Amino acid sequence: MANKKHSRRRERFRWWFSRKKKKADPFDSGAGITEDDAVEEDAGFCGWSMEMDPRISTHELRVFVGTWNVAGRSPVGSLAADLDEWLNLKDIDHTADVYVLGFQEIVPLNPQSIIAGENATEATNWNMLIGKTLNDKYGCPWLTPMLNPINSDDYYYSGIPETGRRYISRSQITTQLRSQTRSQTGQSYRYSRYKLIASRKMVGVFISVWIRRELLKAYSISDVRVCSVACGIMGYLGNKGSVSVSMSIGGTSFCFIAAHLASGEKKGDEGKRNYQVSEIFRRTSFPRLPRDGNLMPPTILGHDRVFLFGDLNYRLYLEDNLARELIRKQDWKALQGFDQLQKELEDGGVFQGWKEGSLEFPPTYKYSSTNSNRYSGGLPSRAREKQRTPAWCDRVLWYGKGVKQISYFRSESKFSDHRPVSALFSTQIEADKRANCRLVVPALVPSGTPCSIGKQANGEATTTLTSLIKTDADACPTNR
């Protein structure tokens with residue numbers, strides 16, 4: 001009897017490995033097997049592992065992460081061209097599946113903005129411009145639900161469930177988009193190419209996450225949660241801090257953190273920034289639900305893929321005139337040797353395990369004024385102009401395995417005294433072919449809670465699309 005059991009196990013493993021060697025289309029939903037086919041009632045069999053399960057396929061996902069300090073200025077229609085360059089939308093074959101955009105200072109950082117109640121107007125205006133830029137680029141209509149009046153801090157949109165979904169490849173998506181006719185441009189919002197999944201504002205820090213519409217068909221997008229951590233004045237005001245989004249795409253968890261850290265180029269100021277990063281990691285806590293089953297991590301570093309980006313404000317360990325000379329020579333490698341954040345990454349500490357691509361572009365801060373290509377300060381000095389040593393204040397970092405950076409660059413918009421920065425990543429996600437592909441968002445936490453999750457729709461804990469606009473300057477409830 002025991003020999004028969006061992007024989008059956010050997011046959012089962014031989015079948016597994018033969019399946020793995022076959023080169024079937026990983027996007028074909030029919031390529032999987034049923035649970036009845038896979039599992040034997042055998043006391044000596046311990047079950048399937050993720051690595052060996054042919055029902056779990058690995059797919060490429062392209063993620064665009066961008067950051068921009070807009071110096072308290074409101075978006076204007078003429079900014080669409082600048083956004084187009086920043087999002088790198090020129091070539092359809094190089095667009096991303098997910099766009100994650102972080103902003104700093106979308107409102108002026110004055111006492112009224114910091115202490116007064118939140119106002120969703122600027123966040124709404126930026127989301128409208130982002131959606132228009134992403135979707136109008138390819139002739140897709142974009143009718144945002146945010147055009148409707150917003151009567152509270154939270155606004156949600158529930159779409160219509162789509163059925164009969166199957167896995168489709170990037171080439172199929174591209175073909176479908178290219179074959180779209182002009183007659184489609186007059187149709188409704190649900191035909192937009194990119195849809196807003198999550199958005200969050202805390203004073204001037206703002207994050208906006210958009211996903212390609214086809215991904216909502218191909219994968220289960222679930223557990224969309226947001227959290228803000230204020231660590232500015234007195235350690236708890238929202239002029240500095242972070243807004244974060246946690247979500248699961250397929251079987252892979254993602255965390256995106258848009259941050260604005262302490263300014264200053266005096267000796268020791270980098271220590272303040274390091275402390276704020278540690279506070280963000282410690283105090284960010286995403287709410288759990290009983291149905292999570294301990295699958296979705298409550299903290300930042302518990303996720304599979306993590307991206308930290310923003311005006312991190314790290315400066316150069318270098319005198320102003322020497323920094324400007326290296327910039328004039330475009331010797332980025334030499335200049336990077338004096339970068340504070342690079343040193344922190346090398347030393348470990350709060351950034352243990354984090355990575356960043358090579359800085360092969362000029363410092364992004366501080367430019368003299370709007371419509372200027374000249375750094376502020378220098379000699380001869382100009383009246384009422386701040387003396388600032390140029391620095392790479394605006395950065396994109398990542399944490400976790402399975403992430404490859406494709407590009408890392410800055411754009412040349414003169415809208416503010418910072419230049420926008422962006423990075424394009426390729427990462428792998430796991431998709432369970434048995435899953436019912438839908439956007440799954442758990443029930444709503446009470447309004448006013450900085451760490452929250454999606455809305456419960458019609459008594460159910462699922463919906464096909466949720467657009468979250470959270471506006472809170474408080475810290476997470478567990479951190480008060």
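D394 is buried in this predicted model, with a relative accessibility of 0%. The residue belongs to strand β9, which covers residues 394-399. Setting aside neighbours within four places in sequence, D394 is in contact with T67, N69, Q104, G310, D311, T364, Y365, Y408, H418, R419 and V421. One of these partners, H418, lies 24 residues away along the chain, and the two C-alpha atoms are 7.9 Å apart.

Y365, another contact of D394, takes part in an unusual backbone feature. The peptide bond that runs from Y365 to K366 is cis, and its omega is near 0 degrees. K366 sits in the loop that connects α11 (340-347) with β9 (394-399).

**Backbone with positive phi**

Two non-glycine residues with positive phi are set out below, each in a loop.

| Residue | Phi | Loop | Relative accessibility |
|---|---|---|---|
| N88 | near 55 degrees | between α3 (80-86) and β2 (98-104) | 29%, partly exposed |
| V203 | about 55 degrees | between β3 (194-202) and β4 (205-212) | 1%, buried |

N88 also appears in the lining of the largest cavity, together with F64, L87, H94, T95, A96, Y99, S407, F409 and L424. The volume of that cavity is about 40 Å³. Counting cavities of 30 Å³ or more gives two.

**Cores and helix α5**

The largest nonpolar core consists of 80 residues, and F103 and W126 have the most contacts inside it. Apart from it lies another core of 22 residues, including V277, I300, L345 and C451. W126 touches F103 as well as V70, R73, P75, L79, L83, I106, F206 and F415, when residues up to four places away in sequence are not counted.

W126 is one of the buried residues of helix α5; the others are E122, A123, T124, N127, L129, I130, G131, T133, L134 and N135. The helix runs from residue 121 to residue 136 and has 16 residues. From its first C-alpha to its last it reaches 22 Å, close to the 22 Å expected at 1.5 Å a residue. An α-helix has 3.6 residues a turn, so residues three or four places apart point the same way. In α5, W126 and I130 are both buried, as are N127 and G131.

**Cysteines**

How many disulfides does the structure hold? The number is zero. For C255, the closest cysteine sulfur is that of C227, and no bond is possible because the separation is 9.1 Å; a disulfide would need the two sulfur atoms within 2.5 Å. C255 is buried, at a relative accessible area of 0%. C393 also counts as buried, with 0% relative accessibility.

**The chain as a whole**

The chain has 480 residues, of which 56% are buried. Its secondary structure comes to 11 helices and 14 strands. Of the contacts between residues at least 6 apart in sequence, 74% join residues at least 24 apart. The D394 and H418 pair is 24 residues apart, and these two residues are in contact.

Key:
Residues numbered from 1 in each chain as written. Predicted model: local features only at pLDDT ≥ 70, side-chain atom pairs only at ≥ 80, totals over all residues. Heavy atoms only, no water. Helix = DSSP H or I, 4+ residues; strand = E, 2+ residues; numbered from the N terminus. Expected span 1.5 Å × (residues − 1). Buried < 20%, exposed > 50% of the residue type's maximum accessible area, 1.4 Å probe, protein only. Core = buried A, V, L, I, M, F, W, Y, C linked by side-chain atoms within 4.5 Å. Contact = heavy atoms within 4.5 Å. 1 Å grid on protein atoms, 1.4 Å probe; cavity = no way out; pocket = protein on both sides within 12 Å on 5 of 7 lines; lining within 4 Å. Points joined across faces, edges and corners; volume = space filled by probe spheres on them.
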